[in-house]
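Please read the following model from its overall layout inward to its core, and then outward again along one element to the surface.

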Amino acid sequence: MDRTAPADETATPTPTGAPVPDAPGLLDGVPRQRAGGRGPCGTGGPGVTEPTAVKSPWLRTPRPWRLLPTPTGTPFTFGYAIVLCLTSLISAYADPALVHALRQTFSTDVAHLVRTPELVLVGSALWLAGGVASPFAIGFVLVLTALERRIGGLRTAGVFLLGHVLATLATEVPVGLAVLAGQLPGSSLHRLDYGVSFGVAAGTGALAGLLPPWLRVPLLAGFGGMLLQDLLAFTDPMTNWGHVIALAIGVATWPVVRRWQARGPGSPGPVRS
């Protein structure tokens, strides 16, 4: 009767541990097949690597020194802070008449904006109102450092300049129109106006859009509440309105700065809508 043909006794046995020629690289249902570049059950599998575990943000080691600017990590903020320190030293130790003349030269009042707008819009942002210990001076360092680490130096400079220029124009142009209409005296055209506060407010608004909600909400609530309190005090309405306008300008940049952050701080090329 018929019988099943015996196995070929001359066939070469497969060595123990050798890969099966036609077997797939990974076996369904077998766990940990990618550990340390090894194949199934720890046997050799070339080119198979273990995926890198992602560490939870809550478990990362705190690095408080990243809150401060550095020459290589945040060159724009670092260089700008040095300039502000130098002008603050001039304000503290130079002759008061000279300091007043310099600030008046770079003041963004209506009279200077009409004659030399480019000079005063840049020069007014080289001085600190209140010195290096003022709240906006501290905010300058912390906010711009955090923003520059996320979107890069040139983009941070653009956000700062946008808030500084637009908020200045939004507060000074109405003064000029009010003087023309006879609602304000002519001396209002020479009102001393300088500092970095508008740019810092815009940077704060932009930075809030890049933070998680549990940081964004307290930042906007705390900073916005401070600005509204100053506005209600009515001690310097023009400047206080400028701060609120600058913060709103920063918030309006959220779609752009979020795309910048997604591309990385050093990514080239323009951002298109």
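Read from the N terminus on, the elements of this predicted model follow the order α-α-α-α-α-α-α-α-α-α, and the count for the protein is accordingly 10 helices and zero strands. Of its 273 residues, 36% count as buried, while the area that the protein exposes comes to about 16700 Å², with carbon and sulfur atoms supplying 67% of it. Where contacts link residues at least 6 apart in sequence, 68% of them join residues that are at least 24 apart.

The interior can be followed through the largest nonpolar core, which has 31 residues and in which Phe 140, Phe 160 and Val 196 have the most contacts. At least two residues of this core come from each of helix 1 (75-93), helix 5 (135-151), helix 6, helix 7 (197-208), helix 8 (213-233), helix 9 (237-252) and helix 10 (254-263), and helix 5 gives the most, with eight residues. Around Val 196, once residues up to four places away in sequence are left out, the touching residues are Tyr 80, Leu 84, Ala 125, Trp 127, Leu 128, Phe 140 and Phe 160; two of the residues with the most contacts inside the core, Phe 140 and Phe 160, are thus among the residues that Val 196 touches.

Helix 6 deserves a separate look, and two of its residues serve as examples. Thr 171 lies in this helix, which spans residues 153-180, and Leu 177 is found in helix 6 as well. Which of the terms buried and exposed applies to Thr 171? Because its relative accessibility is 5%, and buried means under 20%, Thr 171 counts as buried. The side chain of Thr 171 reaches the backbone oxygen of Ala 167 at a distance of 2.9 Å, and, when residues up to four places away in sequence are not counted, Thr 171 touches Phe 198, Met 238, Trp 241 and Gly 242.

Leu 177 presents the opposite case: its relative accessible area is 52%, and since the exposed class begins over 50%, this residue is exposed. Leu 177 also belongs to a nonpolar surface patch of about 550 Å², which is made by Leu 162, Leu 166, Leu 169, Val 173, Leu 177 and Leu 180. Taken together, helix 6 holds both the buried Thr 171 and the exposed Leu 177, and helix 6 also supplies at least two residues of the largest nonpolar core.

Definitions and conventions. Residues are numbered from 1 along each chain as its sequence is written. This is a predicted model: local features need pLDDT of at least 70, side-chain atom pairs count only at pLDDT 80 or more; totals for chains, interfaces and linings use all residues. Side-chain values use heavy atoms; hydrogens and water are left out. Helices (H or I, at least four residues) and strands (E, at least two) are DSSP runs, numbered from the N terminus. Buried means under 20% relative accessible area, exposed over 50%, partly exposed in between (1.4 Å probe, protein chains only). A polar contact is a pair of N or O atoms within 3.5 Å; within protein, one must be able to donate a hydrogen and the other to accept it, and residues adjacent in sequence count only if both atoms are side-chain atoms. Contact means heavy atoms within 4.5 Å. Patches are made of residues with over 30% relative accessible area and no salt bridge: like charges are joined within 9 Å, nonpolar side chains (Val, Leu, Ile, Met, Phe, Trp, Tyr) within 5 Å. Accessible areas come from the Shrake-Rupley method with a 1.4 Å probe; for residues, only the protein chains shown count as cover. A salt bridge is a side-chain nitrogen of Lys or Arg within 4 Å of a carboxyl oxygen of Asp or Glu. A nonpolar core is a set of buried Ala, Val, Leu, Ile, Met, Phe, Trp, Tyr and Cys residues joined through side-chain atoms within 4.5 Å.
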